[in-house]
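This briefing covers packing in the interior, the interface between two chains, and the surroundings of one serine. The points that follow are grouped by topic and are meant to be read alongside the model.

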Amino acid sequence: MVIAKGLNFSLLGGEISAIIGINGIGKSTLLRTVGKVQPKLSGTIYLNDKNLKDYNALELASKISVVLTEPLASKNLTVLELISLGRQPYTNWIGKLSNKDKAKIQEAIAMVELAELQYKKCHELSDGQLQRVMIARALAQDTAIILLDEPTSHLDLHHKVRILKLLKSIAHKTNKTILFTSHEIEMAIQLCDKILVLNKEVHDFGKPNELIQKSAFEKLFPIDTVSFDPSTGSFKIKK
Amino acid sequence: MVRYTKYRFSFVLLLLSLLVCFVVNISLGSVAIPFNATLQSIFGGEVMHEFWSYIIWDVRIPKALTAILVGSGLALSGLLMQTLFRNPLAGPFVLGISSGASLGAALMIMGGSFFSGLISFSLVNDVSMAFAASVGSFLVLLVVVVVAYRIKDTMALLIIGLMFGSITAAIVSVLSYFTNAEELQQYIYWSFGSVGNLTWQQLLLLLLIIVIGILLSIVSIKPLNALLLGESYARSLGVNLKKSRYVIIIATGLLAGGITAFAGPIAFIGLAVPHLTRQIFNTTDHKVLVPAVLIYGAILMLICDTIAQLPTSVNVLPINAITSIVGAPVVIWLLVRKKKMIF
């Protein structure tokens, strides 16, 4: 099965980019393929000029961290234990945390404001809180690239904006590459450096304002349900 | 860190309880031996009667040591399975390993009459039984490893394991139907489970198998912790999933297969002890859980064996019945208390 043909884009350090598109178009598949979470169907992915398939799991773990939509196997972990697992690529054979590891963990907890929740079990958290914990875990992994599959689902508007702004500032301040899938197109237009618009036939990749000029967003949904207003960068429901 | 000092205290307490259970287990039995005499004998002192020393050193101590090995090994294999299959109901029985051992034993005992004397199994003794059971569990393990190579999904693997269990149970039923009463009885006695009857040599072999299983588990502590997040996350954390899965499956196979071969199929320890341990230690960290289930498994098995030998009576109850009577309420209690089974 072909998800997307003729897809070609590159991500740079210090940039936050979003993948948008309708349900089932292959946003998550693309993201998971980029992160080598699942085998690629076709094509080639390069990471720092080296083919992604030539990286072993451990090498990749210090380069790419992921936040996925799949449920945790065990929700009996405490928040702190879960975030600590983010340091696995750096710990010794039995997983002993060094002082540096502990500092990174606390840094991640502070960034996502989880200090009060850190001794709670994951099954005691709301979906939104758990989502933030998973993001903190990815931050603790301290990789140049962070891939997030729908990081803002389950979150209220306030936390959606907060998380995206946090991701943006992390990308800009620490020169990380952040790529996420989202249905929050309007927010992505306002916050992202670049957007990849997945469509059935054509795919557009570029800065939000360039994409608006190319009328990339108009093609996204059938014209009889919603229309895109280029002046405000938002969608309007057709009455 | 505060956490670790707390665990250290718990471990000291646990080891002391294990020692107490061990001494109590040895001091009780069908022949009444005074407690002082038991202690004297254990610590190399002279005892009043020669046969007391014999009973303690050649019957009770091997039996208690077997109970420790069986309990620890089964509990550890249960923990490994539950984490690997992300399933709180997983245990050594689920992969079909115990079923394989049962089939081996059943063929050894009852196969003779089924094949109407084509092959003569007149030499059915403990060693050949252990051998047949080991071969049975090892064959199932081999199939599981082959299937695991082809099927990446652990849930599917779990169901395949259950199907193996059904197939072997069916074959055992057919064998039992055609066999004579005497052989059937012998098979049923084996399936009751027993931690007695092991010679020091057999005990040494079992110890070797279990030590290898424990070492493989210790190297897998880090992947096991990563697997708590799920397989995709584990891979993204740098875990070599394929290798780790093999190591964990082989460790489980060795532990569960080796134990079932020597002690028969013993139920519930593998399922109940990991849950009990997670409750008491309130952690999912395998650095703590691996040593903790080993000790809890040993303690629980020693207690079950103490009950099974019905102190001061000559009767010995089937150990499998006792572990079920003790184990099943533990699982029910955990479920009722927690309302759901979290692992």
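In this predicted model, A:I195 touches A:A18, A:I20, A:A188, A:I189, A:D204, A:F205, A:G206, A:P208, A:L211 and A:F217, once residues up to four places away in sequence are set aside. A:I195 is also one of the residues with the most contacts inside the largest nonpolar core.

**Nonpolar cores**

- The largest nonpolar core has 160 residues, and those with the most contacts inside it are A:I83, A:I195, A:F217 and B:I266, of which A:F217 also appears among the residues that A:I195 touches.
- The element that gives the most to this core is helix α3 of chain B, which spans residues 50–84 and supplies 16 residues.
- A second core, separate from the largest one, has 15 residues, and B:A106, B:M108, B:L175 and B:Y187 are included in it.

**Interface of chain B and chain A**

- On the side of chain B, 27 residues are in contact with 36 residues of chain A, and the area buried between the two chains is about 2,600 Å², with carbon and sulfur atoms giving 58% of it.
- Within chain B, the residues that lose the most area to chain A are B:K222, B:Y233 and B:L237, which together account for 28% of what that side buries.
- The rule finds 0 salt bridges across this interface, whereas it finds 13 residue pairs in polar contact, counting pairs with both residues at pLDDT 80 or more.
- Helices α9 (221–227) and α10 (231–236) of chain B each supply at least two residues of the side that touches chain A, and α9(B) gives the most to that side, with 5 residues.
- By residue class, the side of chain B that touches chain A divides into 12 nonpolar, 8 polar and 7 charged residues.

**Surroundings of B:S27**

- B:S27 lies in helix α1 of chain B, which covers residues 2–27, and the side chain of B:S27 reaches the backbone oxygen of B:V24 at 2.9 Å.
- Is B:S27 buried or exposed? B:S27 counts as buried because its relative accessible area is 9%, and the cut-off for buried is under 20%.
- Leaving aside neighbours within four places in sequence, B:S27 is in contact with B:I33, B:F35, B:T38 and B:R60.

Definitions and conventions: Residues numbered from 1 in each chain as written. Chains lettered and ligands numbered in written order. Predicted model: local features only at pLDDT ≥ 70, side-chain atom pairs only at ≥ 80, totals over all residues. Heavy atoms only, no water. Helix = DSSP H or I, 4+ residues; strand = E, 2+ residues; numbered from the N terminus. Buried < 20%, exposed > 50% of the residue type's maximum accessible area, 1.4 Å probe, protein only. Polar contact = N/O pair within 3.5 Å; in protein donor to acceptor, adjacent residues only side chain to side chain. Contact = heavy atoms within 4.5 Å. Buried area = accessible area lost by both parts, 1.4 Å probe. Salt bridge = Lys/Arg side-chain N within 4 Å of Asp/Glu carboxyl O. Nonpolar A, V, L, I, M, F, W, Y, C, P; charged D, E, K, R; others polar. Core = buried A, V, L, I, M, F, W, Y, C linked by side-chain atoms within 4.5 Å.
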